[in-house]
Amino acid sequence: MTNTTKSISKDAVKSRLYASGIWKLKSVAHFGGDETGVADMCLLRDADGNPFIPGTSIAGAARSFLAQLCLPWATYKNGITEETPELKRLFGGGEIPNSKKPGTMSALIIADAPCVSEEVKPVRDGVRIDAKSGTALDKAKFDVEVVERDTEFKIELECIIRKADAEQEKELRSLFSALLHAFKQGDIRLGARTRRGYGRGKVDAWDIRDMLMNDPNHVMAWLSGDVWEYDQQGTKLTPKPLATEERRFFRIEADFALRTSLLIRSASNNPDDPDMAHLHSKDEPVIPGTSFAGAFRHRATLIAHILEWQTHRNGQDAVSEMFGAVHKQEDDSNDSNQTDPWASRVFIEERLVENVKPQWQDRVAIDRFTGGSLQSALFNEKPVYPCPIKAEPVTNVRLRLTLEEPEKAEIGLLLLTLRDFWYGNAALGGETSNGRGTLQGIKAKLIYKDDPDPSNTKEWTLVHKDKRMKIENNDGDFLQCCVGAAQNYKDRPKASRRPNRNGKEETGAE
C-alpha cells in the first residue's frame, strides 16, 4: 500500500482567512442577466427576484486588479498574462508555462453577494453615437436596467492556506490584505460598463477572522460553523496596500462651471412629467460616465484627425486604442481585417451635477419653409440651470478621468481635449447646437504615476486665471513634452499596442 502520509501533511490546512463586509454602491450598477422584456439589458436575479453579484464576477474583477498591481504592462505578451506564482496560487490556474507541474485550485473562495437593502431598479436609456458626426446612430438606441447608488451587497471571502504554501504564505496574506484594501478604497468596480462610471462602490469596514487550524478553539468554531460568532481580538490581518504596485496611469480631476443649461435626456412613464428631462439618480441630477466619455472621445477624435494621427493596418485609429473599439452595426463576419474587441483604457466616473435647479420649458418645432410652427409639434423639456448666479464661477460639473498605461502622446491628446472643454469650445449633453452644455474650467488636478513606488507619483494643479488655463506651480515641462508628442504625429508608433490572435504584435501600415 502506498504511504500517503507525506501528501496528506502537505495538503493539511494551516489557516483560514475570512473577511465579510457590506459593499455600498456609489454609482449605478448593472449585473447582466437573462432577457425578460423589461429592458434590452436586464439585471441578474436570484430565485426570489432580487439582484445579486455572482462570485465569478467578483473573482474576475479582483484577479484583474491584483494582476495590474503585480505585473508591469510589458509582461502582457502573446495574449497571455504571465501571472506570478502567488497570484496563480490565490486564484488558481492551469498548467504553468514551461513547466511540467500542474496548476492548483484557487485558494480563494468567493460567495455570491446578495442584495441586503431595499434597492431601486430603474431603466436608463442609451444610444450609440457616431464618432465622426457626433450624432446618434440609426437603430442604435437601447435601455439598461440598473440598481441605484446606495444599494448594498454583502461580500464574503475565504482564503485557505495549506502547509504546502509555507514559502508563499507571506505573499498570499499580503495579496489578501491588498484585495481588502482595494475594496475599501473603492478601486475595484463590479458589473458591466465599469469603465463608464457603473459599478463603483466600496466597503467601509471589514469583519476579519484569522483562524489557525492548530488552535482547538479556532477548529471548534470552524466545525460548528460559528466563525463569525467567535470573538477574535488582536488579529494582525488588516487591509493594507502593497508596498509597490506596477500600475501606471494618468488622471484628470477637473471642476467646471456651467455657462448655460445642461440636458442629458431621460424619459419618464409619468404623463405629468415633461417629454424630456435631465437624467436623475435618486432624485439628484447626474452626468453619466457614458455621456462624458462620448463627448470627450468625439472631441479627441477631431483633434487627432487635425494632427494627422496615423491609422493602424487593422483599420482602428489610436483614439480607439484608448477609448475601446467601435462596434459596427453591419455584418462584417467576412471582413478579413476584423479584430477582437478590447476594453477601454479610459475610465470616466459618473458624477452629480451640483448647484443647479431644473426649469420647465415649452418649445415648438418651426417649419423651415414658412417660418411658422409645425402642427402637433409642441413639446416640453426640463434642463438644469446653474444657480445661484455669482461673480465667481461655482462648480457645477466634475470630471474624473483615468487613462491606464498612458503614452506621452496620449496624455498630450487628453490635455488638448481638456483645454477645449475648459474654454467652452466643446459641449456636453444634448442640444449642444442650441447652446446647451457649454462649460468653463475652474480648477483641475493632474496625477501621473509611472513608478512602482506610489510615493513618486507626480501632481500638477491647473487654475483659471486672467481668462487662461495656467499651471499653478509653474512646473509644466513634462506636460508640455506630452503636448509636443501629440502634435508631432511622426513620433506616434506605427503599430498597434495590442497583440493579435496569432500571438504577435500588430504591425503598422506599410
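Six strands make an open sheet in this predicted model. Their order is β16-β22-β11-β23-β24-β25, and the pairing is antiparallel. Strands β16 (346-348) and β25 (468-471) stand at the edges. Each has a single partner strand, so one side of each is left without a neighbour in the sheet. From one strand to the next, the twist averages 20°.

Within this sheet, strand β23 (residues 439-449) pairs with strand β24 (residues 458-465). The sense is antiparallel, over six bridges. Here K443 stands opposite V463 in β24.

A second open sheet has four strands. The order is β5-β9-β1-β10, with antiparallel pairing. Which strands stand at its edges? They are β5 (108-110) and β10 (201-212). Each of the two has a single partner strand, so one of its sides is left without a neighbour in the sheet. Neighbouring strands are turned by 20° against each other on average, direction ignored.

Strand β1 (residues 13-25) meets β10 over ten bridges, in the antiparallel sense. L17 stands opposite D210 in β10.

**Salt bridges**

How many salt bridges does a search of the whole structure find? The search finds 31. The table lists pairs that link parts far apart in sequence.

| Pair | N to O distance | Places | Sequence separation |
|---|---|---|---|
| K14 and E169 | 2.8 Å | strand β1; helix α4 (residues 169-185) | 155 residues |
| E284 and R149 | 2.5 Å | strand β15 (residues 284-287); loop between β8 (136-145) and β9 (152-162) | 135 residues |
| E253 and R400 | 3.2 Å | strand β11 (residues 249-258); strand β22 (residues 397-404) | 147 residues |

Take K14 and E169 as a pair. K14 is partly exposed, at 37% relative accessible area. E169 is buried, at 14%.

Now E284 and R149. E284 lies in strand β15 and R149 in a loop, so their salt bridge ties together parts that are 135 residues apart in sequence. Is each partner buried or partly exposed? E284 counts as partly exposed, at 35% relative accessibility. R149 counts as buried, at 13%.

The pair E253 and R400 belongs to the six-stranded sheet, where β11 and β22 are both members. E253 lies in β11 and R400 in β22, so the pair ties together parts that are 147 residues apart in sequence. At 22% relative accessibility, E253 counts as partly exposed. Both residues also belong to a network of salt bridges. Its members are R189, R200, E253, E349, R351, R400 and K445.

**Helices and surface**

Helix α2 (residues 55-70) has 16 residues. From its first C-alpha to its last it reaches 22 Å. That is close to the 22 Å expected at 1.5 Å a residue.

Which residues of α2 are buried? They are G55, I58, A62, F65, L66, A67 and L69. An α-helix has 3.6 residues a turn, so residues three or four places apart point the same way. The buried set includes I58, A62, F65 and L69.

On the surface, M220, W222 and L223 form a nonpolar patch. Together they have about 330 Å² of accessible area. L223 has its place in helix α5 (residues 216-223). L223 is exposed, because its relative accessible area is 58% and the cut-off for exposed is over 50%.

Note on methods: Residues are numbered from 1 along each chain as its sequence is written. This is a predicted model: local features need pLDDT of at least 70, side-chain atom pairs count only at pLDDT 80 or more; totals for chains, interfaces and linings use all residues. Side-chain values use heavy atoms; hydrogens and water are left out. The expected span of a helix is 1.5 Å times one less than its number of residues. Buried means under 20% relative accessible area, exposed over 50%, partly exposed in between (1.4 Å probe, protein chains only). Patches are made of residues with over 30% relative accessible area and no salt bridge: like charges are joined within 9 Å, nonpolar side chains (Val, Leu, Ile, Met, Phe, Trp, Tyr) within 5 Å. Accessible areas come from the Shrake-Rupley method with a 1.4 Å probe; for residues, only the protein chains shown count as cover. A salt bridge is a side-chain nitrogen of Lys or Arg within 4 Å of a carboxyl oxygen of Asp or Glu. Two strands pair if DSSP finds at least two bridges between them. Axes are lines fitted to C-alpha atoms, for helices over the stretch in contact, and angles run from 0 to 180 degrees between N-to-C directions.
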